[in-house]
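Colleague: Could you take me through one part of this model close up, and then show me how that part sits in the rest of the chain? Take your time over it.

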Amino acid sequence: MKISGVELRRLSMTLRSPFETSFGVVTERDILLVRVVTEEAEGWGECAAMSEPVYSSEHINGAQDVIRRFFLPRLAAAPHVTSALVAQILAPFKGHPIAKAAVEAAVLDAELRAAGTSFGDHLGAVRSWVPVGVSVGIMPSVAELVDTVGGYLDQGYRRIKLKIKPGWDVEPVRAVRERFGEAPLLQVDANTAYTLGDAQRLAALDPFDLLLIEQPLPEDDIGGHAALARLLHTPICLDESIVSARSAAEAIALGACRIVNIKPARVGGYLEARRVHDVCAANGVPVWCGGMLETGIGRAANVALAALPNFTLPGDISASERYFERDITEPFVLRDGGLDVPQGPGLGVTPDPVLLDEFTTATDWIDF
Ligand code: OSB
Ligand code: MG
């Protein structure tokens, strides 16, 4: 496939409500889209990096810079570019998995649109619809949280995830269980906010029959998670710590997690994400698809990934309206607590040019 050029487009989209986690509050989603143009088709990739390096070491301006100054010139100089080769071509550049994932996704989308194949079919989807959950941020009060959770359960979401941090953990979980009972699938996500010294505090969550506790300890503390796992009944799930199929295999072997959150961005792309899926499946470890407050572009690919066989738990892939007043693609709509997997070529959705322009803050065209 001959790439004629790449557009880097920045958008700013206001979230319908601020999203608070242990690492901060997001009110405005600062987005970078990568559009790869070839003679046969064009492809889109969404860069999931946040405005600040508070979830991982990447941030959106840094991602754009590394793509612009290093990744694109290297791709332009490569004799032959395919989606399967992107990771290898960019491998000399250390780190920056979220930036690499966006580039690879755009190349893959262009390729699949040209071939008339959907993301789902390419990745190995076995379902045309996937059950989904919703990630609920830290709120000003427990009463507001309980109201918000009730609204999502009424809409039909199949599982609730509560963001937690020291001082906002046992109380909100207890309140949600007291109000909605034992039936709703419930899990929590700490985004690295605890230490092993908090084990007693985290064990206080055990009576609430949570599906899992996500990333309680720092991302490089695999040993700590293994030690914590021996002190808790609630299964540990890793998010930030899982950066590749190899790291997933190691974390599982060391007993650091019984469940894995797969975010394609965090592991450097959809192709590595599939390998993480495969390694987990081989070890009998269930996986679910994480989210990064994506627009319809990133969401389309995540829904397709979540249709693979070992994605047996509902993911953080909520409907478009959970995030934005208007999405840039045709919106993803909740149907029976799940989302339909797009069936068209590539991502199966395309940004609306008018909406795209409305949200765009800057564009940069790089000729190949
Ligand atoms: O840790 O899963 C996380 C959003 C941004 C960064 C990290 C995380 C999240 C979420 C939101 O939990 C998931 C979503 O997109 O709905
Ligand atoms: Mg997480």
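Modeller: Sure, let's start right at the end of a helix. H6 is followed by Gly-181, and the phi of Gly-181 is positive, near 80°. Bear in mind throughout that this is a predicted model.

Now step back into the helix itself. H6 covers residues 170–180, and its buried residues are Val-170, Pro-172, Val-173, Ala-175, Val-176 and Arg-177. An α-helix has 3.6 residues a turn, so residues three or four places apart point the same way. What do the buried residues of H6 pack against? Two helices and two strands: helix H5 (142–155) and helix H7 (199–203), plus strand S6 (159–163) and strand S7 (185–189).

A couple of other backbone spots deserve a look alongside that glycine. Most residues other than glycine have a negative phi, and most peptide bonds are trans. Asp-209, in the loop between H7 and S8, has a positive phi near 55° without being a glycine. His-96 is another non-glycine with a positive phi, about 55°. You'll find His-96 in the loop between H2 and H3, where it is partly exposed, at a relative accessible area of 31%.

That H2–H3 loop also holds Phe-93. Phe-93 is buried, with a relative accessible area of 17%. Setting aside neighbours within four places in sequence, Phe-93 touches Phe-70, Phe-71, Arg-74 and Lys-100. Phe-70 is 23 residues away along the chain, with 8.0 Å between the two C-alpha atoms.

Next, the metal. The magnesium ion (ligand 2) takes its protein donors from Asp-189 (OD), Glu-214 (OE) and Asp-239 (OD), at 2.1 to 2.3 Å. Along the sequence those donor residues follow the spacing D-x24-E-x24-D. Glu-214 belongs to strand S8 (residues 213–214), while Asp-239 is in the loop between strand S9 (236–238) and helix H9 (245–253), so this pair ties together parts that are 25 residues apart in sequence. Are Glu-214 and Asp-239 buried or exposed? Both are buried.

How about the packing overall? In soluble globular proteins, nonpolar side chains tend to be buried together. Here the largest nonpolar core has 127 residues, and Ile-67 and Leu-162 have the most contacts inside it. Helix H3 (residues 97–115) gives this core its largest share, 10 residues. Domain 1 (3–115 + 349–367) and domain 2 (121–340) both contribute residues, so the core lies between them. Apart from neighbours within four places in sequence, Ile-67 is in contact with Leu-8, Leu-32, Val-34, Leu-72, Pro-73, Ala-99 and Val-103. There's also a second, separate core of five residues, among them Leu-212, Cys-237, Ile-259 and Leu-313.

Zooming all the way out, the chain has 13 helices and 13 strands. Its radius of gyration is 20 Å, close to the 21 Å that the globule rule gives for 368 residues, so the chain is as compact as a globular protein of that length. Along the principal axes, the C-alpha atoms fill a box of roughly 60 × 40 × 35 Å. Of the 368 residues, 58% count as buried. If you take contacts between residues at least 6 apart in sequence, 72% of them join residues at least 24 apart. As for the outside, the accessible surface comes to about 14,200 Å², with 52% of that belonging to carbon and sulfur atoms.

Technical notes:
Residues numbered from 1 in each chain as written. Chains lettered and ligands numbered in written order. Predicted model: local features only at pLDDT ≥ 70, side-chain atom pairs only at ≥ 80, totals over all residues. Heavy atoms only, no water. Donors = N, O, S within 2.8 Å, 3.2 Å for Na, K, Ca; no water. Helix = DSSP H or I, 4+ residues; strand = E, 2+ residues; numbered from the N terminus. Buried < 20%, exposed > 50% of the residue type's maximum accessible area, 1.4 Å probe, protein only. Core = buried A, V, L, I, M, F, W, Y, C linked by side-chain atoms within 4.5 Å. Domains from an automatic or database assignment. Contact = heavy atoms within 4.5 Å. Rg over C-alpha atoms; globule rule 2.2 N^0.38 Å. Areas by Shrake-Rupley, 256 points an atom, 1.4 Å probe, with all protein chains shown as cover.
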